[in-house]
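Subject: Handover of a structure and notes on it

Dear colleague,

Please find below the sequence and the structure that I am handing over to you. My notes follow, and I would be grateful if you read them with the structure open.

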Amino acid sequence: DEVKDTILQFIAVGKLKGSVQGKILLLAGPPGTGKTSIAQSVADALGRKFYRFSVGGLSDVSEIKGHRRTYVGAMPGKLVQGLKSSETCNPLILIDEIDKLGTGIRGDPASALLEVLDPSQNETFRDHFLDVPLDLSKTLFMCTANDLERIPGPLLDRMEVIRLSGYDVPEKIAIAEQYLVPKSMKESGLMTEKEKPVTDEENEEQESNAADADDVTSETPLSKYIHSKDVPESLTLSRNAIESLVRWYCREAGVRNLSKHIDKITRKLALQVVAESEGADLTEKSKRKNDTWEVNDDNLSDYVGKPIFTSDRLYEKDPLPHGIVMGLAWTSMGGSALYIETQGIKRGLDAEGKRRGGGTLKVTGQLGDVMKESTQIAYTVARARLSNADPNNTYFDEWDVHMHVPEGATPKDGPSAGITMVTSMLSLALDRPIKNDLAMTGEVSLTGKVLAIGGVKEKTMAARRAGIKCIIFPSANKRDFEEIPEYLKEGLEVHFADDYSTVYEVAFGKDNPNAP
């Protein structure tokens with residue numbers, strides 16, 4: 001919706017001014033969420049020519065500003081080439097993967113783009129090959145990126161950022177039914193578009209019907225296609241099969257992996273159709289296992305293999321084992337649910353009868369520097385809160401604590417797991433479990449303040465996917481939560497905390513009079 005609103009505003013301004021000026025938009029979101037397709041659609045909607053070039057790994061300034069004509073094989077830069085190929089001065093130029101710009105001995109392309117993407121400077125952009133001022137102010141620039149943190153600050157400051165979140169389950173199913181399945185069926189030769197000859201009378205009737213938009217009913221995408229020759233009419237991909245693909249095979253934020261799985265199914269169906277029409281023998285893995293041509297939930301594994309995900313959660317037990325709490329993470333790939341695990345290690349006595357160890361924290365799980373600092377802050381906050389909740393509890397003095405964040409092979413970083421870490425340690429020290437339908441996210445300060453985080457929509461989607469019913473967010477993110485669609489909030493019990501005492505009450509209950 002934000003993309004649509006921005007483009008409509010852009011068109012409205014152009015209509016009032018009588019001329020369309022250039023603008024620099026940045027579409028930021030996980031891979032496979034349609035950033036490049038949106039840019040193409042915007043160009044079609046505005047009636048502009050479209051030119052795309054990728055700057056991923058680009059380390060030569062000459063690709064942006066061109067070569068000087070004194071060099072053999074000199075060429076103009078990509079921007080001049082785009083104007084030449086589009087044959088207009090106001091195309092839509094898409095600069096793809098701008099967060100993956102490289103640097104090298106040939107200069108810094110990110111610095112060269114500062115002039116290009118500044119509306120107050122690109123009126124007199126000077127390409128080294130042309131060596132004359134070139135007006136780029138009427139060009140609409142759109143950029144795409146996965147991770148905003150990798151874009152230099154001065155360059156990011158020149159662009160208007162539009163964030164694209166990942167797709168949830170209903171959106172993925174709708175995209176698959178309306179676009180991915182028809183496209184894959186057509187490309188694999190299983191279906192062809194209907195050929196309907198139009199007479200003069202029918203053409204006049206269609207024109208009169210188009211004038212009355214209220215009476216026109218939209219067709220389903222598959223209704224525009226018919227099965228190809230020798231393809232059984234019963235060959236279909238059922239809705240429950242698509243739901244299983246989304247739930248158990250393709251949990252990433254975008255739909256690129258879902259498209260690959262659908263293509264795999266249609267290719268295998270095409271092989272089976274050709275083999276049966278030609279009377280050829282197939283291997284045991286490729287042949288049909290039943291009499292139906294419908295791919296459904298029961299025979300889906302015959303086409304795409306066993307499910308990649310077998311459960312929504314690592315721990316199904318309710319309540320969770322002591323010292324384990326579910327947190328919510330947000331990466332460039334979308335939202336995900338992860339567990340924080342803590343385990344106590346009790347040391348033996350030395351020769352003098354004194355306890356060996358105690359009061360130390362060990363951290364594993366391939367954590368980044370920011371997350372390692374969060375563990376130290378969480379450990380200090382947990383010790384302080386434990387002394388308030390149970391002054392006689394000496395757990396952290398007598399036991400070492402080992403904290404682990406599965407999965408160990410996946411790098412993790414960021415400060416938003418602070419309250420989850422504190423709760424995990426207190427669960428271990430107080431010997432009180434946490435219910436398995438509770439998830440939380442929020443950075444914690446040294447005094448117990450709960451600080452704002454990012455990716456509220458993505459984390460909410462991850463929580464719903466994991467079957468979570470209760471979520472704790474920082475109070476500063478209440479506005480962000482109110483902006484997400486209503487269907488994502490349905491059935492969720494959400495608490496907003498500005499201090500860790502609120503988190504403690506939700507996680508452990510209000511029955512403790514000494515609760516911190």
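How many nonpolar, polar and charged residues does the lining of the largest cavity have? The lining has one nonpolar, four polar and four charged residues. Please bear in mind throughout that this is a predicted model.

**The cavity**

The structure holds one cavity of 30 Å³ or more. The volume of the largest cavity is about 40 Å³. Its lining is made up of Q272, K287, R288, K289, N290, T292, N299, D302 and Y303. One of these, Q272, is also among the buried residues of helix α10.

**Helix α10 and its surroundings**

Helix α10 covers residues 256–278. Are its length and its number of residues in agreement, and why? With 23 residues at 1.5 Å a residue, the helix should span 33 Å, and its end C-alpha atoms are 33 Å apart, so the two agree. The expected span is 1.5 Å times one less than the number of residues.

The buried residues of α10 are L258, S259, H261, I262, I265, T266, K268, L269, A270, Q272, V273 and A275. They pack against three helices and two strands, namely α7 (169–187), α9 (239–248), α11 (301–304), β10 (236–237) and β11 (294–295). An α-helix has 3.6 residues a turn, so residues three or four places apart point the same way.

Just after α10, G279 takes a positive phi of about 75 degrees. Further on, S286 is placed in the loop between α10 and β11. S286 counts as buried because its relative accessible area is 18%, and the cut-off for buried is under 20%. Apart from neighbours within four places in sequence, S286 is in contact with K268, L271 and Q272.

Strand β10 contains L237. This residue, L237, is buried, since its relative accessibility is 13%. Its contacts, leaving aside neighbours within four places in sequence, are V181, M185, I242, I262, I265 and V295. Two of these partners, I262 and I265, are listed among the buried residues of α10. L237 and V295 are 58 residues apart along the chain, yet their C-alpha atoms are separated by 4.9 Å.

**Helix α12 and its surroundings**

Helix α12 can be examined in the same manner. Its 21 residues should span 30 Å at 1.5 Å a residue, and the end C-alpha atoms are 30 Å apart, so the values agree. The buried residues of this helix are M371, S374, T375, A378, Y379, V381, A382, R385, L386 and A389. Among the elements that cover them are β14 (361–364), α13 (395–398), β15 (399–404), α14 (418–430), β17 (443–444) and α18 (500–508).

T375 serves as an example from α12, which comprises residues 369–389. Is T375 buried or exposed? T375 is buried, because its relative accessibility is 1%. Leaving aside neighbours within four places in sequence, T375 is in contact with L361, V363, L367, M403, M421 and M425.

**The second largest pocket**

The second largest pocket holds about 470 Å³ of space. Its lining has 28 residues, and D168, V169, P170, M461 and R465 lie nearest the centre. At least two lining residues come from each of α7, α9, β13 (334–346), α15 (456–465) and α17 (486–489). By class, the lining residues divide into 13 nonpolar, five polar and ten charged.

**Positive phi angles in loops**

Two residues other than glycine deserve a look for their backbone angles. E87 has a positive phi of about 55 degrees and lies in the loop between α4 (78–86) and β3 (92–96). With a relative accessible area of 70%, E87 is exposed. D131 has a positive phi near 60 degrees and is found in the loop between β4 (125–126) and β5 (133–134). At 41% relative accessibility, D131 counts as partly exposed.

**Cysteines**

How many disulfides does the structure hold? The structure holds zero disulfides. As for individual cysteines, C89 is partly exposed because its relative accessibility is 47%, whereas C250 is buried at 0%.

With kind regards

Definitions and conventions
Residues numbered from 1 in each chain as written. Predicted model: local features only at pLDDT ≥ 70, side-chain atom pairs only at ≥ 80, totals over all residues. Heavy atoms only, no water. Disulfide = S-S within 2.5 Å. Buried < 20%, exposed > 50% of the residue type's maximum accessible area, 1.4 Å probe, protein only. Helix = DSSP H or I, 4+ residues; strand = E, 2+ residues; numbered from the N terminus. Contact = heavy atoms within 4.5 Å. 1 Å grid on protein atoms, 1.4 Å probe; cavity = no way out; pocket = protein on both sides within 12 Å on 5 of 7 lines; lining within 4 Å. Points joined across faces, edges and corners; volume = space filled by probe spheres on them. Nonpolar A, V, L, I, M, F, W, Y, C, P; charged D, E, K, R; others polar.
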